[in-house]
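The following exercises concern one protein model. Each task is followed by a solution in steps.

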Amino acid sequence: MDRQGQIHAYQASDADSRNPKPKPAEQETTSLPGQAQAVLAVASASRTLIVDANGQAWTWDTSNTRNIKPERIRQDPGMRTVQAQALNQGFLLLDEDGQAYHLAYGKSSPTAVSLPNSEQIGRINSGEEQTMIVDKDGHIWAWKPGSKPIRADDGSRQYMQAASTGSRVTAVDRQGGIYRQGQPGKPVRPDTISESTLETASMDGQPLTLARNNGSWQTDMPARKPGPAIITITGKEDNRPFTRSLTYTVDQPLTRDVEPRSTFTVRFDTGGGDPGPADQHFPAPYGRVKRPSPDPARECFLFDGWFIRQAAYDFSRPVTDNLTLTAKWTSKNPNTSWRINPDRGSQLGNEATTITPPDSTSGIKFNQISGGKDYTYGFSLAVGSDGNAYAWGSNQYGQLGDGTTADRATPVMVKKPAGVPTDFTYVQVAAGGYHSLAIGSDGYTYAWGLNWAGQLGNNTSGGYMTVPVRVCDPNSPYDASKGLKAMQVSAGHDYSLAIGSNGYQYGWGWNGLGQLGSIINTNTSNPNPIPMQVLLDPNDASTGLKTMQISAGDSHSLAIDQDGSVWAWGFNYHGEIGNSINNSMENKANPIPMQVLLDPNDASTGLKAKQVSAGGNHSLAIDENTNIWAWGFNHNGELGNSINKGTIDPNPIPRQVLLNPNDASTGLKAKQVIGGGNHSLAIDENGNIWTWGSNEYGQLGNGSIGSWTSNPTPKQMMLEPNNASTGLKAMQISSGYYHSFAVDANGRALAWSRNNTGQLGNPEAGNPSPTPVPVVFNLSPVINGVTFDTSPATDLTPVSNSNSVTVLTPEHLPGPVTVSVAYTMGGAGRTLTDTSLTYTYLPAGVLPRAGGEGILLALATGMTGMGGVLASRQHRRETHQLSHASHEQDRPGGGSIFPPRLTGGARRQVSLKAQSPSEPTPPCAPTTHMFTSSRPASASCTRP
């Protein structure tokens, strides 16, 4: 199969003494009908099976010269073929859901091949006699057409791949070990081909500590400068001693210093779950936490993920401090009703009570969000605390990755790549114009969506993919077992960028404006489906750019190198590259990275930054002192100043973003900055969000809409316009071309601005939404008002680490009243009201009945004044009066107080007594009772 999707069939000639190795002669060439794009082809003696980009299989009879066109085979609706193998009697197919099918010769539709317990299949591999199947749990099965699969391993290991070779089976386990089995189809214990034992290891003479783990030897690498190192190992192989030298590259570049400053430690608090992950240690400041696997488990609870306080932890971010990640749990049997406690109190009011909404059924939250870069059809991606990726919005080219092309107004789960382990998780996602990128827990880069320019990087171009596929290895693009391993990805409109695990920068997709950092195919629309290394000198392969952070804009790219210097390349008509030059439209491609300079006449003034963000046609950076700098297009004030606002004039020199354009000392200090299509956002050092630029669709989130409300000066974003106390605080921000996101301090995902294709993830948000609305994903009620009958409660105070609130009751006549609780889902949007709660007001002077956990009440009160005789006489009169006034004493289950009132100068002991319905009213005597309650034992996982 060639790069254009044509299939070439070759027929091997018979060898003879004059030509022992004859060159195969080409027999036929064909293409799939219409727009179908071939991605896989396998051949038997006379037939070929082809799989297109949509997972549809086709067959082609190469021996029939009268019918040389491929024919579509009949597949079940929604079936998508991801693997295929040729057999002696037809073909074996595997779909994305792990179901295998056998297509026999002469048949137009396949029949299902299932494992005994309906296990999902991960890999198939045909041999001369039979096909080897590896299921998703790592078990090996042997299968022949017309027979049932037979287990072919003993369960002691988990395997990735197996092949039948003659009378033996060779397999590779998940640790990379190679094993050979006996007769295929018979479960036998595998024997290792070569059992090795390590005894010592050292790196450049520094001893390393070895540890054995599941058949592998592991060691913690000491901190070291980036570059090549020699690891020397000694041990025994087949009982013979050996010494070997291995080349190891320290490929996580340092950010500033030659030596790391310290080592950070990340600890895990499982909150009662098991197993407890080991601590992880990182030389500062460039390590990333590896998500522990397996997830901890806890009886009667569901695991929501790893959190810091209320925010889900983002495993794609570098570690910059010591951390403790805490497991969050949700009960499997949540309380589904509203609760109020206590549910009674004095008619005088001003008593505290707590209102609790129903428990959440899931506590999974987003740890990162990415908005799509197309200005017409928006979509969004996110990673959940459960390790799954989610998507919503436009899906015309499968960019949501759910296996369909249907738009989604609320988040749906992105499918996992075919053949990955069951514990696979997503680490990072990035949304482009019509395609998506991700990094998996296996370190590989994945892509899906539109592929006209090769932006999926899987060595094909054209068509689209509705599920993730692996980006190919730049050095071995035809080897499907390999791929590009990356630390960070960023998606432009029609191109893709990644920082490889070796620290080098790569790009693929459209390069017409030089946005890939390569001189190949600039000023053309030719695709570039294989990742290419970004070079500072296109004629010298040794000048690869090593980067710490990257950002892809509409058609230009930004990066921070290992020294903190900012580099830019690509489209530069508006000065996006920041090198004091703007290019004409006729000479608009800038494929060679250039350093961004604060003074174009002084090469020593290169901008040093901690973070960069490429907007539609403008660029942003946070320098080492947390100041924001901006350059490029400023027609809408997206640079945070009024220079050339309303024009298309370029701004090729970075300028500082100021809160007061007339005062250079008012620079906005920020922790994060994001460039949208023609607007900008930032989080300041206190967590407040600031916005500036275009407001055509409400991008500034200030409640207004219209281009005339655009603002070149940053303004703080508030949930209630002009109310400074409602300033929105965020943990992180993100932006698409016209829409924006924030994850607030409580871990809630909020969205605002354009919503024409559901990109905000909230069907009730309207289009556009100029104020933030919650993304509809595991939302919890947020109480914003409480009314007792018709009187509002006061002092509404949220209870820490919960959705409950405390309020002070208003005054009301005795008797039961309805409690109306006003709330929103997720803290924004439409207000809802619950009226299921009742509160009982008691007459003044009557205490609520005791209950619950058991109490002993005794009140000692000191009085001064009249003598004991007068006090005793007054006491008898007031006891008689109170007995007539108290309703509580007269009803079953009530109580009594003795004495009911104190007058004069006696110091007395006051005792409370609970009265059961069957207990007669005793004479007024000073008696103290202990109240107890017993709670029945609950069954496992049953809410008491």
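Of the 944 residues of the protein, 50% count as buried. The model is predicted, and the exercises below refer to it as it stands.

**Exercise 1. Overall character**

Task: State how many helices and strands the protein has, and what share of its exposed area carbon and sulfur atoms supply.

Solution.
- Step 1. The protein contains one helix and 69 strands.
- Step 2. About 42,900 Å² of the protein is exposed, and carbon and sulfur atoms supply 49% of this area.
- Step 3. For contacts between residues at least 6 apart in sequence, 50% join residues at least 24 apart.

**Exercise 2. Strand order in an open sheet**

Task: For the open sheet made of S37, S38, S39 and S40, determine which strands stand at the edges.

Solution.
- Step 1. The four strands follow the order S37-S38-S39-S40, with antiparallel pairing.
- Step 2. Strand S37 (426-431) and strand S40 (464-470) each have a single partner strand, so one side of each lacks a neighbour in the sheet and these two stand at the edges.
- Step 3. From one strand to the next, the twist averages 15°.

**Exercise 3. Pairing across the sheet**

Task: Follow the sheet from S37 to S40 and give the number of bridges at each junction, with a residue pair for each.

Solution.
- Step 1. S37 is joined to strand S38 (residues 435-440) by five bridges. Here Gln428 has Ile439 in S38 as its bridge partner.
- Step 2. Five bridges also join S38 to S39, where Ser436 stands opposite Trp448 in S39.
- Step 3. The connection between S38 and S39 is a hairpin with four residues between the strands. Gly443, in the turn, has a positive phi of about 90°.
- Step 4. S39 is joined to S40 by four bridges, and Gly449 stands opposite Met465 in S40.
- Step 5. As to cover, strand S39 (residues 445-450) has six of its six residues buried.

**Exercise 4. A nonpolar surface patch**

Task: Locate Ile519 and explain why it can belong to a surface patch.

Solution.
- Step 1. Ile519 lies in the loop between strand S43 (505-509) and strand S44 (532-533).
- Step 2. The relative accessible area of Ile519 is 44%, so the residue is partly exposed.
- Step 3. Patch residues need over 30% relative accessible area, a cut-off that Ile519 passes because its value is 44%.
- Step 4. Together with Ile520 and Ile592, Ile519 forms a nonpolar patch on the surface, and the accessible area of the three residues is about 240 Å² together.

Terms used:
Residues are numbered from 1 along each chain as its sequence is written. This is a predicted model: local features need pLDDT of at least 70, side-chain atom pairs count only at pLDDT 80 or more; totals for chains, interfaces and linings use all residues. Side-chain values use heavy atoms; hydrogens and water are left out. Buried means under 20% relative accessible area, exposed over 50%, partly exposed in between (1.4 Å probe, protein chains only). Contact means heavy atoms within 4.5 Å. Accessible areas come from the Shrake-Rupley method with a 1.4 Å probe; for residues, only the protein chains shown count as cover. Patches are made of residues with over 30% relative accessible area and no salt bridge: like charges are joined within 9 Å, nonpolar side chains (Val, Leu, Ile, Met, Phe, Trp, Tyr) within 5 Å. A salt bridge is a side-chain nitrogen of Lys or Arg within 4 Å of a carboxyl oxygen of Asp or Glu. Two strands pair if DSSP finds at least two bridges between them. Axes are lines fitted to C-alpha atoms, for helices over the stretch in contact, and angles run from 0 to 180 degrees between N-to-C directions.
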